[in-house]
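Hello, and thanks for stopping by! Let's go through this structure together in a handful of questions and answers.

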Amino acid sequence: MATRLSRTTLAFKGDENEARGNWGNKADFILSCLGYAVGLGNVWRFPYLTYENGGGAFLIPYFIMLALAGLPLFFLEVSFGQYCSEGPIKAWRALPMMRGVAFGMLVTSAVVSISYNIVITYCIRYLVASFTVKLPWTDCDNEWNTKYCSLKFGDCKDAGLVFLENGTCVEPETLTDQELNYFRVEQLDAGNYSLENLRDPLAQYRVRPSEEYWTLEVRKEASSIGETGGIVWELALCLVVAWLIIFFGLIKGVKSSGKAVYVTATFPYLVLVILLVLGLTLPGHQKGIEFFVTPRLEKLSDPQVWLDAAVQIFYSLSAAAGGLITLASYNKFHNNCYFDSMFIAIANCCTSVFAGFVIFSIVGFMAHELNQPIENVVDQVQHTLYFYVTGYGLVFIAFPEAVARLPVPPIWSVLFFLMLITLGVDGEFATVETISTAIVDEFPDILRPRKTWVVAGLCLIGYLIGLLCVTEAGPYWADMFDLYGVTFNLLLFAWFECVGLSWIYGIKRFQNDLRSMIGDGPVNFPLFYWWLLNWSAITPAALTFVFVFNIANWSDPEHNGPFPPWARAIGWLITLVTLIWIPLVWIYEFLRTPGSVYQRWRAMSTPRPEWGPAVGKFRQYAWHVHLRNGTTMGGDLQISPTSGNHINQDDSNNTENQEQNDYETQSKDKYFVNSTYTAE
């Protein structure tokens, strides 16, 4: 008589996976994923895109793209990592030919970890500078300010002086009649002059004091990437602090980072709430929020709006970089990854919308303070916002200037940059953990007891490479790492994930993988087929649209103008290094197997014998779930974790009853069986 198995829930006294460990509890995982997904792009890029693409109307394509691409990808990666309890490389035992995707993810993560920690470094530098009575970017009287600083003209005029092109201020009576006419100085009577219509000879070259502080004092930016100059030692020291934070956060792997995120993942929300309450008490906030949410429905006919929505959803969820697979791999096997994925992805998007209200309430206040229509202020800020899309303008120029206009500016500046640091640190935790987990999983016997040293080595290497980004030419290198390291490669990784798991590994097999983790109820519910349809068709189609549109509208990244040819060559080499692993692994897998073309294809497209749940109890359970629902698990069933003996799927019927007895018997020594197999 066939034995039908109901879902078995096991309550473990300790970690289910003793070798790798698990999250301390569900909150550790949810906060870690939320911290990984919610970053600077969510909080600052989204408000710009919303304004630029139709205000409240942008939410329509935004949430449609969330349903078609964001949620399916997030759910796919979380469930994939949780099922096998392995990092990105070993997870692709499910489909050996796709291991190149994992290698590409790791290279991309390595590049991102360097550039992202530079952003954290800048935030630390600003945080230190905020502990003062007067913020240093609020005036033009500092040694780094130039004659182009925007406040110099007004300071001269307020003092009754005329600002000259050489940057000096002079008394009107020292000027000739021709000069008085040029500067539009009106002589009223002997010794009296009117400066009401005074001309600014450098008006078109004016730069905000916050921008000069950012460029000339913080980064000490050279005029080109070829002028490396010296190391900016203030930034080098801040970079040390940034990497030490990452090291100590990961010193015990997910056991330490899972506790750190209780602060780093929640603090940004606390600050956003405080800033919103502050913004709602400031005059002019209503107009700012109204400007943010008022829909301009005519924008929905523009394909660029839909592209921006898809790109924002994709990158804001941090999909296809290996981090979600890694974080989920530390989940317990029967964790409800379905609920977690929906909650985290939706919370991530709601955070972006919430941040939009915060930003535009303060933009409305700026308009009130400057006594200008909000459209003018938004247009002024928009230039800086656009700069942020390829740099950091809003974070380090526009918003610090807005903070300076608030009551008691240093307090708000400290809170603001602490928030940015925690936003960045969460993502960096997951990125470095992704790399270290993949390395340790490849050599578990040697490196797992020494994982702390692996993390230390990664942090040291990251610091040494990062020193290039804190030289005077560092801003160019940081942008190059960021813009060439994360381009369309993540789109390709996501596309191969969807196509590989749904069409080659098998969508029904993947469905039964999920069934073994979350049970029959959710998987048999009719609406669950929406996810299968997305993974196999809709999401790959959406990714293809975004990829093709990106290629068709591609232009080489720039920083203060185009990069020189040699720098572009290095940039494209960075992109190539992230992508070359895909065809290399295809070739390797094809050549390593003897036999016909079909036999080689079969070997590279069939799960490895080791594929499946890492813990023996759950491996047996998943084996039976697949049998019951008409698929195979793919890997072999390991009788003993140490024996090395395997049972092939075809031999399972003869041993099914014995395996059931073994399953329950072995469970008694360490696990509490809450519900066991039921025979029907």
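Q: What is the handedness of the crossing of H9 and H18?
A: In this predicted model, residues are numbered from 1 along each chain as its sequence is written. Local features need pLDDT of at least 70 and side-chain atom pairs count only at pLDDT 80 or more, while totals for chains, interfaces and linings use all residues, and side-chain values use heavy atoms, with hydrogens and water left out. Helices (H or I, at least four residues) and strands (E, at least two) are DSSP runs numbered from the N terminus, and a crossing is left-handed if the near helix is turned anticlockwise from the far one by less than a right angle, right-handed if clockwise. For H9 and H18, the crossing is right-handed.

Q: Which word describes how H9 is set against H18, oblique or perpendicular?
A: Axes are lines fitted to C-alpha atoms, for helices over the stretch in contact, and angles run from 0 to 180 degrees between N-to-C directions. Angles under 35 degrees count as roughly parallel, over 145 as roughly antiparallel, 65 to 115 as roughly perpendicular and the rest as oblique. The axes of H9 (residues 233–249) and H18 (residues 409–442) come within 10 Å and cross at roughly 60 degrees. That makes H9, relative to H18, oblique.

Q: How are H13 and H24 placed to each other, roughly parallel or roughly perpendicular?
A: The axes of H13 (residues 303–316) and H24 (residues 529–552) are 10 Å apart, and the helices pack at an angle of about 115 degrees. Their crossing is left-handed. H13 and H24 are therefore roughly perpendicular.

Q: Is Ser318 buried or exposed?
A: Ser318 sits in the loop between H13 and helix H14 (323–328). Its phi is positive, near 60 degrees, in a residue other than glycine. Buried means under 20% relative accessible area, exposed over 50%, and partly exposed in between (1.4 Å probe, protein chains only). At 16% relative accessibility, Ser318 counts as buried.

Q: Is Asn560 buried or exposed?
A: Asn560 belongs to the loop between H24 and H25. Although not a glycine, Asn560 has a positive phi of about 55 degrees. With a relative accessible area of 60%, Asn560 is exposed.

Q: What separation do the C-alpha atoms of Leu59 and Ala309 have?
A: Leu59 is in helix H3 (residues 59–84), and is partly exposed with a relative accessible area of 28%. Leu59 and Ala309 are 250 residues apart along the chain, yet their C-alpha atoms are separated by 8.4 Å.

Q: Which residue forms a salt bridge with Asp441?
A: A salt bridge is a side-chain nitrogen of Lys or Arg within 4 Å of a carboxyl oxygen of Asp or Glu, and a search of the whole structure finds 19 of them. One of these pairs links distant parts of the chain, 421 residues apart: Asp441 in helix H18 and a partner in the loop between strand S1 (10–12) and helix H1 (26–37). Asp441 counts as buried at 4% relative accessibility, and its partner is buried too, at 12%. The closest N and O atoms are 3.2 Å apart, and the partner is Arg20.

Q: How many residues apart in sequence are the parts that Lys259 and Asp28 tie together?
A: The side chains of Lys259 and Asp28 meet in a salt bridge (3.2 Å, N to O). Lys259 lies in helix H10 (residues 254–264) and Asp28 in helix H1, so the pair ties together parts whose separation in sequence is 231 residues.

Q: Is Asp28 buried or exposed?
A: Its salt-bridge partner, Lys259, is partly exposed, with a relative accessible area of 43%. Asp28 has a relative accessible area of 0%, so Asp28 is buried.

Q: Which side chain meets Arg208 in a salt bridge?
A: Arg208 and its partner are both buried. The salt bridge has an N to O distance of 3.8 Å, and the partner of Arg208 is Glu401.

Q: Which helix gives the most to the nonpolar patch?
A: Patches are made of residues with over 30% relative accessible area and no salt bridge, with like charges joined within 9 Å and nonpolar side chains (Val, Leu, Ile, Met, Phe, Trp, Tyr) within 5 Å; accessible areas come from the Shrake-Rupley method with a 1.4 Å probe, and for residues only the protein chains shown count as cover. This patch of about 490 Å² is made by Leu573, Leu576, Val577, Ile580, Trp581 and Leu584. Helices H25 (565–579) and H26 (581–592) each supply at least two of its residues. With 3 residues, the helix that gives the most is H25.
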